[in-house]
Amino acid sequence: MVALSAATVHLLRTPEPLLDLRVLRIVSFRVTVAGGSVHRAVISAVPFLLPLLFQLEFGWTAAQAGLVVIALFVGNVAIKPATTPLIRGLGLRSVLLLALPASAACLVAMGWLGPMTPLPLILVVLLLSGVFRSIAFSAYNTLAFADVDSGRMGHANTLNATAQELGAGLGVALGALLLRTAGQWAGASADPFRVTFVVLALTMLVPVIEALRL
């Protein structure tokens, strides 16, 4: 944190920095980096948590769990042809304000899945989660450089790519930390997976607030 703080001060004071952090003054780009990174962290935790849920709570084999989780990525890919018409028809802000709360709702639904939940219902929840995460991804990727001029495109691209990778890595760490903490503090009164998914859904409010500011 000390090194990061020192680097930030240096980059902001240097006339020609290696990475120009002033690009974050562009509202649309800042929303992408801040809200988009939180969104990526939350949804990156899901493919990590679901196989654990299916194996530890449902008693499924690793192969069964893996096959069901594929539904998440089927939804991710299947909706792609429709994302451009959606963005053009509704606008980026409206699309984000549709996809982000819907993703949060899917996370809450995952928390209430149980061994007795019908398999078709589980598949529908995962499919919808994949659909909405894909829509939000497309919206953020479109929004990222919408207002960035060509002179600062290199700095914006580097910063955005770094934030995306950091968000994805932190997502797995966040999921593991929440699950471990919930298991220690919830006790027998609450399902740690349910607590984890609900907290992740609440975390999704951060990118929703960012989208509202557009």
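Is Val 68 buried or exposed? In this predicted model, Val 68 has a relative accessible area of 9%, and because the limit for a buried residue is under 20%, Val 68 counts as buried. The residue lies in helix H3, which spans residues 62–78. When residues up to four places away in sequence are left aside, Val 68 touches Phe 54, Trp 60, Leu 119, Ile 122, Leu 123 and Leu 126. Phe 54 stands 14 residues from Val 68 along the chain, and the C-alpha atoms of these two residues are separated by 9.0 Å.

Two of these contact partners of Val 68, Phe 54 and Leu 126, reappear in the description of the largest nonpolar core, which comprises 48 residues and in which Leu 50, Phe 54, Leu 107 and Leu 126 touch the most other members. Two or more residues are given to this core by each of helix H2 (27–57), H3, H5, helix H6 (119–143), helix H7 (153–185), helix H8 (192–203) and helix H9 (205–212). H6 provides the largest share, with 11 residues. For Leu 50, the contacts outside the range of four places in sequence are with Val 69, Met 110, Leu 126 and Phe 197. Apart from this core there is a second, separate one of 10 residues, with Leu 21, Val 23, Ile 26 and Val 148 among them. In soluble globular proteins, nonpolar side chains tend to be buried together.

The packing of H5 against H8 was examined next. The axes of these two helices come within 8 Å and cross at roughly 175 degrees; since angles over 145 degrees count as roughly antiparallel, H5 and H8 are therefore roughly antiparallel to each other. On the H5 side the contact is made by Ala 104, Leu 107, Val 108, Met 110 and Gly 111, and on the H8 side by Arg 194, Phe 197, Leu 200 and Ala 201. By class, the residues of this contact divide into seven nonpolar, one polar and one charged. Met 110 and Phe 197, which take part in the contact of H5 with H8, are also touched by Leu 50.

H5, which covers residues 92–111, also packs against helix H4 (residues 80–90), with axes that come within 6 Å and cross at roughly 120 degrees. In this contact Leu 86, Ile 87 and Leu 90 of H4 meet Leu 92, Ser 94 and Val 95 of H5. The contact of H4 with H5 contains five nonpolar residues and one polar residue, with no charged residues.

Methods. Residues are numbered from 1 along each chain as its sequence is written. This is a predicted model: local features need pLDDT of at least 70, side-chain atom pairs count only at pLDDT 80 or more; totals for chains, interfaces and linings use all residues. Side-chain values use heavy atoms; hydrogens and water are left out. Helices (H or I, at least four residues) and strands (E, at least two) are DSSP runs, numbered from the N terminus. Buried means under 20% relative accessible area, exposed over 50%, partly exposed in between (1.4 Å probe, protein chains only). Contact means heavy atoms within 4.5 Å. Axes are lines fitted to C-alpha atoms, for helices over the stretch in contact, and angles run from 0 to 180 degrees between N-to-C directions. Ala, Val, Leu, Ile, Met, Phe, Trp, Tyr, Cys and Pro count as nonpolar, Asp, Glu, Lys and Arg as charged, and the others, Gly among them, as polar. A nonpolar core is a set of buried Ala, Val, Leu, Ile, Met, Phe, Trp, Tyr and Cys residues joined through side-chain atoms within 4.5 Å. Angles under 35 degrees count as roughly parallel, over 145 as roughly antiparallel, 65 to 115 as roughly perpendicular and the rest as oblique.
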